[in-house]
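Student: Can we go through this one by asking why each label applies? I'd like the cut-offs next to the values.

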Amino acid sequence: MEDQDPTQQHEEQQQQVDERDNKKKDNDNDKKEEVQEDDKSNEPPVIDISSSSPSIASSSSEEDAAIVVEKKGQGEEDEEEGGLRHRHPANNVVASQKESNNAINSVPKSPLASNSATPRDIMKEKNAPSSSSSSSSSSTTTSPAKKGSSSNNNNDKQKLVGVTSEGDRFVLPATHNPLSLHPIAQWTSFDWLKNSSALMFLFLLVIPSHHWFYIALFLFWRLAYNLGLGLLLYQQSHTQVVTRFFKYLSPDNPMYPMFKRMTSTGMGSDYDFDKIPAAFNAWIAFRHLVDIILANDLIAYIVFGIAYFETPAEITFVLVLEYIVGVFLCGFTLWAKTDAYRVVKDFAWYWGDFFFLVDQQLTFDRVFSISPHPMYTIGYGFYYGTALLSQSTTVLYVSLFAHFCQLLFLSLVEDPHIQKTYPDLVEDEELRQTKQNILSHYFKATDLVVLKNFFVLRSGDMFTLVILSYTIAMALFNLPSWFYILQLLVWRFIHSFALGYILHLQSTEGWWNTQFSRKGYTKQEAFENWKSLYNLTLLMTHTAFVCCFFKFAEMSTLWSIFFEHFFIKQAIGLGCIFLNVWSSWSTFKVLGEFGWFYGDFFIGELPSTLYYTGIYRFLNNPESVTGFAAYYGLALLSNSWVLFALSLISQFSQYIFIRYVERPHMSRLYGNKVRASSGISVAFKEIMEEAVEASPPLKKIQKSVADVTAEVNVKAELFKGLMSERASDIKDKVSEGAEKIKGRAQEIKTKIQKN
């Protein structure tokens, strides 16, 4: 054996010493970790989203990069319902970008649609002044960058982590609250810019100007919001145009100091323009632009409303009522905006997910359980409140146009981005394919839905056209009023009661399919005939009501409704019509043709699934609640009590259909998956409970009401027991009398037989 080199021998000895030292250190660290774990065993679980957290994982492919938000101290549980796998909100959640892009809508939807709020339906909405100070209604979700309840104003113990499109992760610097008022000494250059322009607008009120000037001023800022910001966000969503500009903005660029100074304005010490990713810098610059536009949009509208304010000639009860409703709408809007900001915070308020994603826990409750897109729907209630307070039809129509522009912004810019960014309910691929194969035998892309896909050469469509033309033609003649009322009642009876009875028989006995099979038709052909019959009666019921409207509202009356002083009826009537149109469209969007035509009554081989998504997150049966809003709107516009009575009859008929046909079928089909209370009712209950807890006088009233209710319940139980005893006594006496009569009859019968 050769002798080892002394240097080599020394190196081997040193390695052995190092290994012993490392083992000793590892043992010491293990002991420390055990002690720390024992100390933390009684601490509440926290969300670990720090930049060094091992809970953030990524795959080898950027396209498949996944963001994992882990909640420590809780195990991972999966819930399976109807073929869908949902991560429990309180446990670990994995949402990948690839799954987001490949998300599919679950089919079929029943007439009661899903007990899960999809990200697409609960995303944030904006447009608030930057210058101004499921069975449960709560939906808790954890997902990358979803708009949620965590704030950007973070403490050092828990920071939000942003993730760029390239997968770079960074801790979000703190940002200011746009709804808070800052002392003048703390105003930044952008605060001075937006607030000084607002003061300038108020100064314009004392300068004599034509009224059209205030309309033009407001519409300029409204279009700057919906059109200008809309185009910019659209390009950012598809091409990352703003982010790319900041990414290639080098220190050598002459504009570099200006943009660095601009984005650093108002930021804290935790923000460094040169170290933070370009996506965050782009978002901060975009925030400044949004602040200026939204502030001027709000102030321009207020100035416009004040300029058109009409001093009343006399104070009447109706006028006081209009003022009360107007103030309520403005106050309710303020609450809706601030409550929505409580949920979505800065990131979602300023469309942050157009620039980067964020790991955070979401709890959508209260205002998000009352209305879909609350900041784009009920968040614009102050428009109509201002119209009532100003007593100006011009303000009303301009407000309607502005609100319509905002809804276009939602439909064309924000909704497509949300659908692209966040996953919908992801259904098992095999189950989805099975459903599609079954439904392809029952539905075609050319099916007639109301008047959609109308084809004049198709016999069923031609028959519908003939009946529709006949009904409209009858409205042109000066026939007695009872004729139009009777016509409506006949179609309503056929649609709600006759078809309802058919559906009841089909649900319990399969009656419709059986009748067609006896004549040699298939189930598919039977369902085709049902779709044609249902669509015809639905269309004719609505057409008959419109004919009644034109009968009871003369053209001269209609003209005065729109251009004279029937103001509160006009505003509420038009609002009801728009609400009905939106409700019907949203219902069909969730149900699809399968739910629209009550497919689960006829297609038994389809796997049954029940989801509360879209409008069904808020209402259990929107077709029986908001589905008749247009009827009441037309009744108000026509100023006719007859139409109001017909509206009540129509809605009550639909309630009977839901109560005795649809609900029993849903219980048989889906069992305990059918929820008892709607999202809105649960949300209002939670809000009232919070209000009572925060107010001692309300607590006292609640206690008094509870005591009275308990006393009434006790007396009711006593009365019920007393009546039960009385009923039992009467029943015994009747039974005793019946036995005597029966015995006497038997005696008479015996005597007759003997004779």
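Tutor: Sure, starting with burial: buried means under 20% relative accessible area, exposed means over 50%, and partly exposed is in between (1.4 Å probe, protein chains only). Keep in mind that this is a predicted model, where local features need pLDDT of at least 70 and side-chain atom pairs count only at pLDDT 80 or more, while totals for chains, interfaces and linings use all residues. Residues are numbered from 1 along each chain as its sequence is written, and side-chain values use heavy atoms, with hydrogens and water left out.

Student: Why is Cys547 called buried?

Tutor: Its relative accessibility is 6%, and the limit is under 20%, so Cys547 counts as buried. Cys405, with a relative accessible area of 10%, is buried too.

Student: How do you know that Cys547 has no bond to the closest cysteine sulfur?

Tutor: A disulfide is a pair of cysteine sulfur atoms within 2.5 Å. The closest cysteine sulfur, in Cys548, is 7.2 Å from that of Cys547, so it is too far for a bond. The structure holds zero disulfides.

Student: What makes Asp346 and Arg287 a salt bridge?

Tutor: The rule asks for a side-chain nitrogen of Lys or Arg within 4 Å of a carboxyl oxygen of Asp or Glu. Here N to O is 3.5 Å, so the pair qualifies. The two are 59 residues apart, with Asp346 in helix α8 (residues 317-349) and Arg287 in helix α7, so the pair links distant parts of the chain. Helices here are DSSP runs (H or I, at least four residues), strands are E runs of at least two, and both are numbered from the N terminus.

Student: Are those two partners buried or exposed?

Tutor: Asp346 is buried at 0% relative accessibility, and Arg287 is buried at 3%. The structure holds 13 salt bridges.

Student: What separates Asp339 and Arg342 in helix α8?

Tutor: About one helical turn, because they are three residues apart in helix α8. Their closest N and O atoms are 3.0 Å apart, which makes a salt bridge. Asp339 counts as buried at 3% relative accessibility, whereas Arg342 is partly exposed at 31%.

Student: What makes Arg287 a charge over a ring?

Tutor: That needs NZ of Lys or CZ of Arg within 6 Å of the ring centre and within 35 degrees of the ring normal. The charged end of Arg287 sits over the ring of Trp283, 5.3 Å from its centre. Likewise, the charged end of Arg659 sits over the ring of Tyr660, at 5.0 Å from the centre.

Student: Why is the pair of Tyr225 and Trp351 called edge-to-face?

Tutor: Rings of Phe, Tyr and Trp (its six-membered ring) pair if their centres lie within 6.5 Å; planes under 30 degrees apart are stacked, over 60 edge-to-face, and the rest tilted. By this rule the count comes to 54 aromatic pairs. Tyr225 and Trp351 are 6.1 Å centre to centre with 70° between the planes, so the pair is edge-to-face. Both residues are buried.

Student: And what makes the pair of Phe280 and Phe356 tilted?

Tutor: The centres are 5.9 Å apart and the planes are at 40°, so the pair falls in the tilted class. Phe280 lies in helix α7 and Phe356 in the loop between α8 and β8, 76 residues apart. Both are buried.
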